[in-house]
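Trainee: I would like to go through this model one element at a time. Where should we begin?

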Amino acid sequence: MDKILRKMLLSLGKWRLAKRWAKKYGLRFGASRFVAGETIQQSIAAVRQLNESGRLATLDHLGEYVSNEDEAIQAADMCIQTLDAIASSGMQSHLSLKMTSLGLDLSKELCVSNMQRILDRARLHGIFVRIDMEDYAHCQISIDVFKELRNLYDNVGIVLQAYLFRTLQDAADMHRLGANLRLVKGAYKESPKVAYPAKEDVDENYRKLIQMHLANGHYTAIASHDEAIIHFTKQYVKEYNIPNDRFEFQMLYGICEDLQHTLVSAGYRVRIYVPYGHDWFGYFMRRLAERPANVWFVLKHIFK
């Protein structure tokens with residue numbers, strides 16, 4: 001039943017009519033639990049609260065799959081405005097983005113141009129930028145663009161997904177670049193031809209990725225709410241005397257807050273992914289699909 005519901009939610013997240021409906025009614029029905037707001041000001045307020053409690057942040061202006069060059073340029077402009085807002089507020093936050101929102105599906109050249117504008121402004125402010133990994137169809141070109149940019153900028157990193165067969169080799173290839181990686185399990189519905197369908201296989205691959213990247217001496221962001229994965233990481237860094245400034249735990253805004261506070265209290269770096277913007281519906285559907293029990297949380301808000 002959960003698999004059917006997950007598939008429905010992921011499909012709904014791509015439905016244009018549903019997205020228009022969501023924009024019309026705003027962050028109601030429980031979406032505000034996972035999305036910090038629709039404006040930069042609301043997102044900065046959320047980051048301020050996180051910082052005050054000892055947590056770092058990564059801001060993400062939501063958006064993906066633009067249909068023309070003007071939309072891609074506007075998305076890049078919003079990223080630059082977000083960087084300026086982080087800098088002027090003095091908050092401790094990175095920026096995260098999806099390259100499909102910057103025109104990756106229109107042309108690689110347009111996307112790279114937009115990325116360079118963003119990274120130039122980020123470098124001016126001393127802010128790190130993370131490229132989100134999207135579905136499998138965008139995996140190779142995302143890595144290609146990242147490698148091109150990494151040769152020019154030291155303030156950019158990327159995400160790799162543990163459920164893909166290819167990822168161990170991708171992580172090994174990142175060694176020469178000294179890449180700062182965010183490691184995740186993966187949230188998209190992929191074919192068993194390219195991704196592990198069983199959780200235990202994904203988890204095993206995830207542990208291998210964590211070990212490899214930490215052993216290679218590169219900064220590693222372990223982005224998971226899975227306490228078994230977190231425990232594994234804590235044991236591994238303790239055994240091999242890896243200092244706490246070489247890695248961090250990352251979690252999503254509005255999820256597992258007690259665990260976030262526990263890790264901060266224990267002296268670990270914890271960074272919270274804080275999404276905001278009007279185009280929040282696809283992100284919200286993916287969060288529901290990851291844990292269908294969240295659907296009941298939403299239904300309670302609807303009936304209220």
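Mentor: The questions below concern a predicted model, and they go from the core to one helix, its neighbouring strands and a few single residues.

Trainee: Which helix gives the most to the largest nonpolar core?

Mentor: The largest nonpolar core has 77 residues, and Leu 97, Met 115, Ile 118, Ile 131, Met 174 and Val 274 touch the most other members. Another core, of 11 residues, lies apart from it and includes Leu 252, Ile 255, Phe 284 and Met 285. The helix that gives the most to the 77-residue core, with 7 residues, is H4, residues 69–89.

Trainee: What does Met 115 touch, leaving out residues up to four places away in sequence?

Mentor: Met 115 is among the core residues that touch the most other members, as are Leu 97 and Ile 131. With residues up to four places away left out, the contacts of Met 115 are Leu 97, Met 99, Leu 102, Ile 131 and Leu 149.

Trainee: How many Å does H4 reach from its first C-alpha to its last?

Mentor: H4 has 21 residues, and the span expected at 1.5 Å a residue is 30 Å. The reach in the model is close to that expectation, at 30 Å.

Trainee: Which residue caps the N-terminal end of H4?

Mentor: At the other end, H4 is followed by Gly 90, with a positive phi near 75°. At the N-terminal end, the backbone nitrogen of Asp 70 lies 3.1 Å from a side-chain oxygen of the capping residue, Asn 68.

Trainee: What covers the buried residues of H4?

Mentor: The buried residues are Ala 72, Ala 75, Ala 76, Cys 79, Ile 80, Thr 82, Leu 83, Ala 85 and Ile 86. Their cover includes helices and strands: H3 (40–52), H5 (108–125), E1 (56–61), E2 (93–97) and E8 (270–276).

Trainee: Which residues of E2 point the opposite way from His 94 and Ser 96?

Mentor: In E2, 5 of 5 residues are buried. In a regular strand, side chains alternate between the two faces of the sheet. His 94 and Ser 96 point one way, and pointing the other way are Ser 93, Leu 95 and Leu 97.

Trainee: Which residue in E3 stands opposite Leu 97?

Mentor: E2 pairs in parallel with E1 through 4 bridges, and Ser 96 in E2 is the bridge partner of Asp 60. E2 also pairs in the parallel sense with E3, residues 129–131, over 3 bridges. Right-handed β-α-β units are made by E1, H4 and E2 and by E2, H5 and E3. Opposite Leu 97 in E3 stands Ile 131.

Trainee: Is Asn 241 buried or exposed?

Mentor: Asn 241 is in the loop between H9 (227–239) and E7 (247–252). Its phi is positive, near 55°, although Asn 241 is not a glycine. The relative accessibility of Asn 241 is 68%, so this residue counts as exposed.

Trainee: What is the relative accessibility of Cys 256?

Mentor: Cys 256 lies in the loop between E7 and H10 (257–265), and its phi is also a positive value near 55°. Cys 256 counts as partly exposed because its relative accessibility is 33%.

Trainee: Which residue places its backbone oxygen 2.9 Å from a polar side-chain atom of Thr 220?

Mentor: Thr 220 lies in E6, residues 220–223, and counts as buried because its relative accessibility is 0%. Its contacts beyond four places in sequence are Leu 181, Leu 183, His 213, Leu 214, Arg 246, Phe 247 and Glu 248. The backbone oxygen at 2.9 Å belongs to His 218.

Note on methods: Residues are numbered from 1 along each chain as its sequence is written. This is a predicted model: local features need pLDDT of at least 70, side-chain atom pairs count only at pLDDT 80 or more; totals for chains, interfaces and linings use all residues. Side-chain values use heavy atoms; hydrogens and water are left out. A nonpolar core is a set of buried Ala, Val, Leu, Ile, Met, Phe, Trp, Tyr and Cys residues joined through side-chain atoms within 4.5 Å. Buried means under 20% relative accessible area, exposed over 50%, partly exposed in between (1.4 Å probe, protein chains only). Helices (H or I, at least four residues) and strands (E, at least two) are DSSP runs, numbered from the N terminus. Contact means heavy atoms within 4.5 Å. The expected span of a helix is 1.5 Å times one less than its number of residues. A polar contact is a pair of N or O atoms within 3.5 Å; within protein, one must be able to donate a hydrogen and the other to accept it, and residues adjacent in sequence count only if both atoms are side-chain atoms. Two strands pair if DSSP finds at least two bridges between them. A crossover is right-handed if, with the strands pointing away from the viewer, the path from the first strand over the helix to the second runs clockwise.
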